[in-house]
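Work through the exercises below with the sequence and the structure open beside you. Each task is followed by a solution that goes step by step.

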Amino acid sequence: MSKTYTTVQGDMWDGIAYGKMGSVSYTDKLIRANQEHAGYYILPAGVILILPDVDTTADDLSALPPWKKVTG
């Protein structure tokens, strides 16, 4: 079952993914679960986000979010 998190001023997607879901690798999954707030880079206080369930046994932890990948 999914949980929720209420933001505080200055929260960012990757920080929430790391602190509440265990890895910045889940940032994309977090944003996809909260599309109505995807336009924010730095979230305002009081936004209630859905924290999607994550499979910690999967290899998802080795994947980097798109903006942290090195390109050619």
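**Surface and overall layout**

The accessible surface of the protein chain comes to about 4,800 Å², and 56% of that surface belongs to carbon and sulfur atoms. The model is predicted, and the exercises should be read with that in mind.

**Exercise 1.** Determine which pattern of helices and strands the protein chain follows along the sequence.

*Solution.* Begin by listing the elements: the protein chain has two helices and two strands. Next, read them in sequence order, which gives the pattern β-α-α-β. Then turn to the contacts: among those between residues at least 6 apart in sequence, 67% join residues at least 24 apart. Finally, consider burial, where 29% of the 72 residues of the protein chain count as buried.

**Exercise 2.** Find out how the buried residues of helix α1 are arranged around its axis, and what they pack against.

*Solution.* First identify the residues concerned: in α1, which spans residues 13-21, the buried ones are W13, I16, A17 and M21. Seen down the helix axis, these buried residues fall within an arc of 100°, and therefore they line one face of α1. The face turned away from this buried side carries the exposed residues Y18 and G19. Now look at the partners of the buried residues of α1, which pack against β1 (3-6), α2 and β2. As a last step, follow the chain just beyond α1, where G22 takes a positive phi of about 105°.

**Exercise 3.** Establish which residues make up the largest nonpolar core, and which element gives the most to this core.

*Solution.* The core has twelve residues in all, namely Y5, W13, I16, A17, M21, Y26, L30, I31, L43, V47, L49 and L51. Assigning them to elements shows that α1, α2 and β2 each supply at least two residues of this core, while α1 gives the most, with four residues. To see one core member in its surroundings, take Y5: leaving aside residues up to four places away in sequence, Y5 touches D11, I16, K20, V47, I48, L49 and L51.

**Exercise 4.** Decide whether H37 counts as buried or exposed, and describe its surroundings.

*Solution.* Locate H37 first, in the loop between α2 (27-33) and β2 (48-51). The cut-off for a buried residue is under 20% relative accessible area; H37 has 17% relative accessibility and therefore counts as buried. Then list its contacts: not counting residues up to four places away in sequence, H37 touches W13, L43, V47, I48 and L49.

Definitions and conventions. Residues numbered from 1 in each chain as written. Predicted model: local features only at pLDDT ≥ 70, side-chain atom pairs only at ≥ 80, totals over all residues. Heavy atoms only, no water. Buried < 20%, exposed > 50% of the residue type's maximum accessible area, 1.4 Å probe, protein only. Contact = heavy atoms within 4.5 Å. Arc of directions from axis to C-beta. Areas by Shrake-Rupley, 256 points an atom, 1.4 Å probe, with all protein chains shown as cover. Core = buried A, V, L, I, M, F, W, Y, C linked by side-chain atoms within 4.5 Å.
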